[in-house]
Amino acid sequence: MSGRDDSEIRDVEDDMAYDARRARWTAAGTGTLLTLAGLAAALLRLTGSAPALVPGAYGFGAAVCALASVLGSRGHTRRALWLLVAGVMVMALGDQFD
């Protein structure tokens, strides 16, 4: 009977490890994607006639998303999620000044 209990515990631990790994990859991938999008938007706005605040906001938001990507890859997925939200909000706020 203890053999079944040990295998069930191992299955639960494997599932938890898989979920944690998937959360890290998701946070890192999303952060990278948002960083690239923010940098591209900053470069596009920089070449246009937008006020200087707009590309600066996109660049700052991209930097926050890059930090979130690093934190997410190291396992701090909750902090990474909040930084991703903050980075996108900064980019959206900068877009309002355009």
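## Arg45 and its salt bridge

Arg45 has a relative accessible area of 26% and is therefore partly exposed. The model is a predicted one. Arg45 forms a salt bridge with Asp95, and the closest N and O atoms of the two residues are 3.3 Å apart. This pair joins distant parts of the chain, since Asp95 belongs to helix H3 and Arg45 to helix H1, with their positions 50 residues apart. Asp95 has a relative accessible area of 30%, so Asp95 is partly exposed.

## The salt bridge within helix H1

How many salt bridges does a search of the whole structure find? The search finds two. One is the Arg45 and Asp95 pair described above. In the other, the side chain of Asp19 meets that of Arg22, with an N to O distance of 3.4 Å.

Asp19 and Arg22 are three residues apart in helix H1, so about one helical turn separates them. Asp19 counts as partly exposed because its relative accessibility is 38%. Arg22, at 46% relative accessibility, also counts as partly exposed.

## The nonpolar core

The largest nonpolar core is made of ten residues: Ala27, Ala41, Ala42, Val54, Tyr58, Cys65, Ala68, Ala80, Leu84 and Met91. Three helices each supply at least two of these residues: helix H1 (2-47), helix H2 (53-73) and helix H3 (77-96). H2 gives the most, with four residues.

Cys65 is one of the core residues. Leaving out residues up to four places away in sequence, Cys65 touches Gly31, Leu34, Thr35, Leu84, Gly87, Val88 and Met91. Among these contacts, Leu84 and Met91 are themselves members of the core.

## Buried Thr35 and Ser69

Two buried residues with hydroxyl side chains can be followed through their contacts. Thr35 is in helix H1. Its relative accessibility is 13%, and Thr35 therefore counts as buried, the limit being under 20%. Beyond residues up to four places away in sequence, Thr35 touches Ala62, Cys65 and Ala66. The contact with Cys65 connects Thr35 to a residue of the largest nonpolar core.

Ser69 is part of helix H2. With a relative accessible area of 11%, Ser69 is buried. Its side chain makes a polar contact with the side chain of Thr32, at 3.2 Å. Not counting residues up to four places away in sequence, Ser69 touches Ala27, Ala28, Gly31 and Thr32. Of these, Ala27 belongs to the largest nonpolar core, and Gly31 is also touched by Cys65.

## Exposed nonpolar residues

Which residues form a nonpolar patch on the surface? Leu81, Trp82, Val85 and Met89 do, and together they have about 450 Å² of accessible area. Met89 is located in helix H3. Met89 has a relative accessible area of 57% and is therefore exposed, the limit being over 50%.

Leu43 is in helix H1. Is Leu43 buried or exposed? Leu43 counts as exposed because its relative accessibility is 57%. Leu43 and Ala92 are 49 residues apart in sequence, and their C-alpha atoms are 16 Å apart in space.

Conventions:
Residues are numbered from 1 along each chain as its sequence is written. This is a predicted model: local features need pLDDT of at least 70, side-chain atom pairs count only at pLDDT 80 or more; totals for chains, interfaces and linings use all residues. Side-chain values use heavy atoms; hydrogens and water are left out. A nonpolar core is a set of buried Ala, Val, Leu, Ile, Met, Phe, Trp, Tyr and Cys residues joined through side-chain atoms within 4.5 Å. Buried means under 20% relative accessible area, exposed over 50%, partly exposed in between (1.4 Å probe, protein chains only). Helices (H or I, at least four residues) and strands (E, at least two) are DSSP runs, numbered from the N terminus. Contact means heavy atoms within 4.5 Å. A salt bridge is a side-chain nitrogen of Lys or Arg within 4 Å of a carboxyl oxygen of Asp or Glu. A polar contact is a pair of N or O atoms within 3.5 Å; within protein, one must be able to donate a hydrogen and the other to accept it, and residues adjacent in sequence count only if both atoms are side-chain atoms. Patches are made of residues with over 30% relative accessible area and no salt bridge: like charges are joined within 9 Å, nonpolar side chains (Val, Leu, Ile, Met, Phe, Trp, Tyr) within 5 Å. Accessible areas come from the Shrake-Rupley method with a 1.4 Å probe; for residues, only the protein chains shown count as cover.
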